[in-house]
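Trainee: I'd like to take a close look at a single helix in this one. Could you walk me through it slowly?

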Amino acid sequence: MENMKSKVDYSLYLVTDSTEAILGSRDLLGVVEQALLGGVTIVQYRDKTSDTGTLISIARFLHSICKAHNIPFVINDRVDVALAVGCEGVHLGQDDMSIVDARRILGDGSIIGATVSSIEEARIAVERGADYLGIGTLYATNTKKNTKDIIGINGIRKILHYLDTTSAATKAVKTVCIGGINASNLQRIKYQLLAPTPSSPEPKTIDGVAVVSAIIGAPDPKTATSHLTKLFTTPPPWK
Ligand code: TZP
Ligand code: MG
């Protein structure tokens, strides 16, 4: 399992949304299946409204289709649901169960991700053993309206720079950014995050981008996903 964790590809991280505004009247499982066919590399089930029983049964379905594609599947917020389903891990926000407690419950083999918006939050998440950091919010987004911290490109660059220059553990943690990322801005975001500047000549690379509406709300989620993958994997012009 430890071994599995080190092989996770974070490059196109799908976070689901079951709301009418984004999913519409479509079936979440069908949309996630299309995204898997299009090439998402990890899936997080994020559902803030379903009751626990519904969460567990949807999570079981989603986990089985992700397993069929050999793609890791994690649950937002709910360590109990992740444990019940036996999926690959959880994603925890600042107000959720602590990483240390989640690790005690789920064990070393599970993926534990944490949302961070500052260097201090990143420092603490790494110290507590997070496997990856969801860094954001990059841009304001209708998908999550209560984001308190819109940190922009510069905020993300500062956190990446801190991670890159502090310790073996901060260097090793995986990183994805989130918030308002779509096909029209993905490549520019990647270049702006990674472009050398005098204050941070060689920024740590970002391991991936996390998106919700750019895939879940797309008219054709499979095509949208393969397009995003292409945009993320195209090397920047200075390479
Ligand atoms: N955390 C920070 S922003 C966000 C989450 C879950 C939502 C991102 O959604 P979108 O549609 O990709 O902007
Ligand atoms: Mg949360």
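Mentor: Here is a walk along one helix, from its buried side to a neighbour it packs against. Keep in mind that this is a predicted model. Let's take helix H3, which covers residues 28–38. Start with what's tucked away: Val31, Val32, Ala35, Leu36 and Gly38 are buried. Now look down the axis of H3: those buried residues fall within an arc of 160 degrees, so they line one face of the helix. The general idea is worth holding on to: an α-helix has 3.6 residues a turn, so residues three or four places apart point the same way.

What sits over the buried residues? The cover includes strands S1 (12–15) and S2 (42–45), along with helices H2 (20–23), H4 (52–68), H11 (213–216) and H12 (221–233).

Let's pick out H12 from that list. H3 and H12 have their axes 7 Å apart and pack at an angle of about 35 degrees, and their crossing is right-handed. On the H3 side, the contact is made by Val31, Gln34, Ala35, Leu37 and Gly38. Across from them, H12 brings in Pro221, Lys222, Thr223, Ala224, Thr225 and Ser226. Sort the residues of this contact by class and you get five nonpolar, five polar and one charged. Val31, Ala35 and Gly38 are worth finding on screen, since you've met them already: they're buried, and they also belong to the contact with H12.

Last, check what comes after the helix. H3 is followed by glycine 39, and its phi is positive, near 115 degrees.

Key:
Residues numbered from 1 in each chain as written. Chains lettered and ligands numbered in written order. Predicted model: local features only at pLDDT ≥ 70, side-chain atom pairs only at ≥ 80, totals over all residues. Buried ≥ 20, exposed ≤ 12 C-beta atoms within 10 Å, placed from the backbone. Helix = DSSP H or I, 4+ residues; strand = E, 2+ residues; numbered from the N terminus. Arc of directions from axis to C-beta. Contact = placed C-beta atoms within 7 Å. Axes fitted to C-alpha atoms, helices over the stretch in contact; angles between N-to-C directions. Left-handed = near helix turned anticlockwise from the far one by under 90°. Nonpolar A, V, L, I, M, F, W, Y, C, P; charged D, E, K, R; others polar.
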